[in-house]
Structure formats: structure tokens, C-alpha cells
Amino acid sequence: MPEATQRVLLEHRFEDVYRREYPSLVAVATALAGDDGEDLVHDAMIKALVNWKRVAVLERPGGWCHRVLINRCRSSWRRRVTHARFLARQRREEPSSPGPSADVIAFWTAVRQLPERPRLAVTLYYAGDHSTAEVARILDVPEGTVRSDLSRARSALVKELGV
Amino acid sequence: MTNRHGTEDHGPVDGDRDRDRDRDEDSKIDSIARAAGAALRQPAPADGVDRLQSAHRRRQTVRAAAAGAVVAAVAIALFVVVGRNSDGHGVVVTPPPGSVDVTLTSDAPPISGAPTDSTVASDPTTTTSEPTPTTVAAETTTSSQPIAELTWAAATESFPALSYIACCGTDWEGEPSPPVPADPAVALAEGIYNAQTPRSDGIRSDDDVDDGVLTLEIRSYGRCSDGVVRCSGDEPYPANALGTTDEPSRLIDVVLDDTVRVAVTGFGCNGAADQLFDVREVGTGSDLLALYQQLGDAYEIAVGGPLRNGVAPEQIASDITANMTGGFFDPGCPTWTSFAWDPVAGPSILAPLNLFTVDGQPPLQPNDGIELESIYPTAVSVDGAGVMTVYFYAGFLS
């Protein structure tokens with residue numbers, strides 16, 4: 001296949017994957033990292049774009065993007081703290097924009113207090129709208145572990161939220 | 001019955017009110033969770049791909065400019081260090097009050113394809129890949145003879161470039177590793193290999209090092225141009241650009257005793273100049289184990305204990321700034337970090353303790369031990385005599 005044609009196909013496929021995966025990615029990132037979610041998705045998708053020749057040929061490029069995103073979210077805490085310090089030094093406030101409702105914020109705040117694996121399972125399952133099998137593949141754990149994590153997480157959230 | 005998520009919808013259970021109640025609660029929380037998840041999903045912005053492509057182009061430009069700036073900065077640093085130390089033996093940095101005296105080698109940070117700027121060295125995406133390669137089962141690796149070094153000492157040799165973390169969207173540069181043998185019974189050949197703790201970016205206080213065994217996942221370094229390795233830089237790759245290969249990795253249980261050599265790149269901070277410098281020390285596995293234990297104990301004294309007693313993170317930060325606590329102190333390098341940790345023996349470590357309360361984030365927990373991640377395995381080398389050296393990179397910055 002001529003290189004130019006191959007390039008166009010790759011670009012098209014990237015756009016397809018981007019549009020298909022974005023709603024799930026942004027929900028997962030927002031659930032895990034709050035307001036930084038869109039930036040983290042942006043970073044993860046640039047990583048996908050840079051490595052697209054290798055990512056495009058994977059069976060599930062979306063799964064790769066989710067794994068990169070989760071790693072980005074894991075390290076976002078440090079950046080968040082740095083940002084907070086920077087803002088404190090600059091003595092200015094960021095412009096605020098309308099966000100999710102108080103109930104939604106309360107739910108995801110409670111989720112963020114779960115241990116890491118159940119937190120990721122809940123986020124990928126409910127925010128990312130993935131099946132338990134997909135969550136298991138992304139987290140590289142058995143599906144039974146995901147089901148068990150979800151069950152325990154739901155119990156913990158019932159208590160935390162007073163449902 | 002199975003719903004679209006593949007979870008079981010349980011039928012009624014006769015005479016078991018507790019289970020009925022649990023099911024109701026489960027159903028309620030499930031419904032709340034689904035609504036909370038749906039509220040966060042949004043379609044991709046129409047100009048999203050265009051923005052990504054322009055950001056990618058911008059990054060390439062900035063990276064090229066940054067590479068030039070790094071080379072210039074290193075050249076200036078070398079010039080300054082050489083100028084200050086005409087005897088070539090080292091520079092003594094005045095330590096903070098209460099710390100032990102530390103004589104530092106005057107070597108500039110290694111110049112390699114894997115820049116060591118730790119502000120950005122913790123890119124975790126190097127650990128991601130799909131499909132996940134097979135991992136060969138763990139073996140316990142130890143040689144029979146104790147090595148010469150019995151306690152921490154300043155390194156007299158440079159550490160290999162492949163023992164540092166590739167950062168900033170760049171790749172390692174050098175020669176590929178020998179392949180990792182698929183058969184766990186076959187020893188690693190002489191050479192240097194990438195090492196990580198399995199499924200983790202580093203070692204935390206709750207990881208299994210207390211029993212004196214450190215489990216590492218070993219991979220080969222391979223050429224980016226071969227197209228089968230994890231590389232972060234831009235194509236076309238330089239001929240010597242390296243990433244970690246997709247071949248099966250191997251888990252190795254390293255017994256942290258005197259038969260294993262460890263090499264740690266820590267950091268110091270010259271508060272007066274607001275500058276970081278390398279502190280490279282070598283020791284044994286036993287020394288490293290003691291260092292972990294010291295760090296855990298120090299964290300408990302300085303942070304964990306006070307948190308448990310209800311002291312606010314900000315107050316703990318203020319107390320450490322005022323007085324060295326458990327070896328944690330404020331080195332006064334505001335550009336780089338707010339805290340460092342000076343062990344009784346071993347390299348000093350930058351320890352950004354993140355002692356902040358951030359709205360919307362869970363409160364800091366006594367056992368978080370967040371900065372114990374700071375002693376981070378990077379590579380393993382095996383020499384001609386079969387002695388293993390495990391390299392660590394200590395002192396991530398926030």
C-alpha cells in the first residue's frame with residue numbers, strides 16, 4: 001500500500017478511535033482527577049497520536065488509551081499539588097466554570113477514597129461504561145476480581161453516602 | 001439474568017430480609033453510580049483531533065528547543081563546577097542544621113539520551129502497553145559471595161545512562177540489552193536490563209520489601225527503530241534510541257542482602273543557589289533494606305504519627321520547615337521541592353511530602369507514605385562474575 005494512502009488510513013482510524021473513546025475517557029479522567037480530566041485525556045491522546053503506528057494495529061486501541069490515561073491520572077496528584085502551590089504563590093484564582101451537580105461530585109469524591117483497584121474498577125465500569133470483561137482487560141486482572149471489587153466498592157459507597 | 005454490563009440481576013431470596021435489604025441498597029447505589037457516570041460523559045469536541053495535532057506539532061518544536069537549552073545548561077553547569085573545583089575532588093555543601101555532613105562528588109549529572117530532570121521523569125506511561133506481554137514466573141536471584149561494599153559510599157564511577165529514567169518524551173540511548181531468557185532457569189547474561197516493580201511505579205511502604213525480598217520485573221532494552229519496543233520520542237528514531245521490548249519479561253526476587261549491590265542516584269539541594277545536584281551512592285541490598293526501614297520510621301515520626309494524632313498536614317509542613325524532624329527538612333530550594341530527607345547513612349532524597357489539603361481530594365492518610373515511592377528501581381546490571389547491581393532513582397519532585 002502506498003505510504004500516503006497508509007497515512008490517510010491511519011489518520012482516519014485515529015479520528016474514529018478518538019471520537020468513539022472520548023466520552024468514556026473524559027468521564028473516567030474526570031471521575032479520577034476532577035477538573036483536570038479533559039487535560040489528562042488530551043495528554044493521553046497525544047501519546048496515542050505520537051505512537052499511533054503501533055497503537056493502531058493493536059486489537060483494542062481504546063484499551064491502550066485507557067491504560068495510558070489511568071497512569072496519567074495516577075500521577076496527576078503531584079501535578080495538582082504543584083499547581084496549587086503555584087496558584088498560592090501567584091495569589092490568583094482560576095476562573096470557575098459550571099461543573100457536575102453536587103450529588104455527582106459527592107459520589108465521585110466518595111469513590112476517590114476507595115483503595116486503588118476498586119476505585120479504578122468503579123470508575124471504568126460506571127464512568128467509562130465498560131463491561132466487567134473490558135475493565136478486567138484494561139486493569140489486567142481476572143474478571144472475577146473486577147466483580148468482587150465492584151461488589152465491595154458498592155457496599156462501601158452505600159455506607160459512605162448513606163444510601 | 002444478566003444486564004448490559006454483564007452483572008447478575010439476582011432474583012428474590014425468600015425469608016432473608018438482610019439480603020433483600022442488601023439487594024435494594026445495591027440496586028440504589030448502582031443506579032446512583034450509573035447516573036453519576038453518565039453525567040461525566042460528553043462527546044468529543046469537534047475540533048479535538050485538530051487541537052491534538054497542533055499540540056503535537058508544538059511539542060515537537062518545544063522539545064527541540066528544550067533539548068538545546070538542556071545542553072547549554074549542562075555545559076554551563078560543567079563550566080561552573082570545573083571552575084569551582086580545580087582540584088577535581090569534590091565540593092562540600094553546607095548541610096542544613098541537624099543533618100550529617102555530606103561530601104559530594106563533583107560529577108555533573110550524567111548526560112545521556114535519558115535526561116535525569118526529575119521534575120518530569122516520572123512519566124508513568126512507559127509502564128503501559130497492550131497487549132500485555134507474558135511475564136515469566138519469579139525466581140530468586142542471589143549470588144553466594146558477599147560483595148566488597150558493606151555500607152553506603154559515594155560512587156566513584158558514573159552510573160550507566162540506561163540506569164536513569166527516560167523522561168520528557170525522550171528515549172534511552174545506547175546499546176540493546178541481551179534478550180531476557182524465556183527459561184527462568186537460565187541466568188541473565190552480562191549486561192543491563194530495565195527493571196520495575198511489577199504493576200507499580202515505585203516502592204511504597206506497604207510493598208513487600210519488609211521481608212527482605214524485592215520483586216522486580218525485568219525487560220530488555222531494544223532499538224526503537226526495530227518497531228517492537230516501547231518508545232516515547234518522535235520518529236524517525238535515532239539509530240541508538242532504545243525502549244523496553246515487548247518480549248516476555250521476567251520476575252526476579254532479589255534478596256536484599258550483602259550479595260547484591262545497589263546503586264542509588266539521590267539528590268541534594270543547594271539552598272543558597274536554589275540548585276539540585278546528584279548524590280550517587282552505592283551499597284548492598286542490606287543497606288537498601290535498612291534505608292527503606294529508616295525512611296518508613298522517619299515518615300511515621302514526621303508525618304504518619306502527627307496525622308494519626310489529628311495534626312493538619314499544613315501544620316506538619318510548618319513544623320518540619322521550622323525543625324528537622326526524623327531526618328526530613330526543608331532544604332530551602334523553593335524552585336525544586338519543599339522537603340528532603342537525610343538518612344543516617346545513604347543518599348539524601350528529595351521528599352515532596354504533599355502536605356496539603358486540596359478541596360475535593362481525599363485527606364492525606366497516615367499510611368499513604370506517598371513519598372516512599374521516591375526510591376524507584378530503574379535497572380539491573382549483571383557483571384561478568386554474575387554479581388547483580390540494582391539501580392534506583394531517588395527523589396521525585398512534585
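In the predicted model, B:Glu175 lies in the loop that links strand E5 (172-173) to strand E6 (191-196) of chain B. Because 11 C-beta neighbours fall inside 10 Å of B:Glu175, this residue is classed as exposed. The C-alpha atoms of B:Glu175 and B:Leu242 are separated by 7.6 Å in space, whereas 67 residues separate the two in sequence.

B:Leu242 belongs to E10(B), a strand that spans residues 241-245 of chain B. In contrast to the exposed B:Glu175, five of the five residues of E10(B) are buried, and the strand is accordingly described as mostly covered. E10(B) pairs with E5(B) in the antiparallel sense, and two bridges join these strands. Strand E8 (residues 221-223) of chain B is also an antiparallel partner of E10(B), here over three bridges. B:Leu242 takes part in both pairings: B:Trp172 stands opposite this residue, and B:Arg223 likewise stands opposite B:Leu242.

A further set of strands in chain B forms an open sheet of three strands, with the order E14-E15-E16 and antiparallel pairing. Strand E14 (328-329) and strand E16 (349-350) occupy the edges and have a single partner strand each, so one side of each lacks a neighbour in the sheet. The pairing of E14(B) with strand E15 (residues 340-341) is antiparallel and comprises two bridges. Within this pairing, B:Phe328 has B:Trp341 of E15(B) as its bridge partner.

Over its whole length, chain B contains four helices and 18 strands. Of its 398 residues, 38% are buried. Among the contacts in chain B with a separation of 6 or more, 71% are accounted for by residues 24 or more positions apart.

The secondary structure of chain A consists of eight helices and zero strands, and its pattern along the sequence reads α-α-α-α-α-α-α-α. Buried residues constitute 44% of the 163 residues of this chain. Of the contacts in chain A between residues at least 6 apart in sequence, 62% join residues at least 24 apart.

Burial within a single helix of chain A is illustrated by helix H5 (residues 102-111), in which A:Phe107, A:Trp108 and A:Val111 are buried. These residues cover an arc of only 90° around the axis and therefore lie on the same side of H5(A). In general, an α-helix has 3.6 residues a turn, so residues three or four places apart point the same way.

Packing between helices was examined for helix H7 (residues 132-139) and helix H8 (residues 143-161) of chain A, whose axes come within 8 Å and cross at roughly 110°. Because angles of 65 to 115 degrees count as roughly perpendicular, H7(A) and H8(A) are assigned to that arrangement. On the side of H7(A), the contact involves A:Thr132, A:Ala133, A:Val135, A:Ala136 and A:Leu139. H8(A) contributes A:Glu143, A:Val146 and A:Arg147. By residue class, the contact of H7(A) with H8(A) comprises five nonpolar, one polar and two charged residues.

Note on methods
Residues are numbered from 1 along each chain as its sequence is written. Chains are lettered from A and ligands numbered from 1 in the order in which they are written. This is a predicted model: local features need pLDDT of at least 70, side-chain atom pairs count only at pLDDT 80 or more; totals for chains, interfaces and linings use all residues. Axes are lines fitted to C-alpha atoms, for helices over the stretch in contact, and angles run from 0 to 180 degrees between N-to-C directions. Angles under 35 degrees count as roughly parallel, over 145 as roughly antiparallel, 65 to 115 as roughly perpendicular and the rest as oblique. Two residues are in contact if their C-beta atoms, placed from the backbone, lie within 7 Å. Ala, Val, Leu, Ile, Met, Phe, Trp, Tyr, Cys and Pro count as nonpolar, Asp, Glu, Lys and Arg as charged, and the others, Gly among them, as polar. A residue is buried if 20 or more other C-beta atoms lie within 10 Å of its own, exposed if 12 or fewer, and partly exposed in between; C-beta atoms are placed from the backbone. Two strands pair if DSSP finds at least two bridges between them. The arc is that of the directions from the helix axis to the C-beta atoms.
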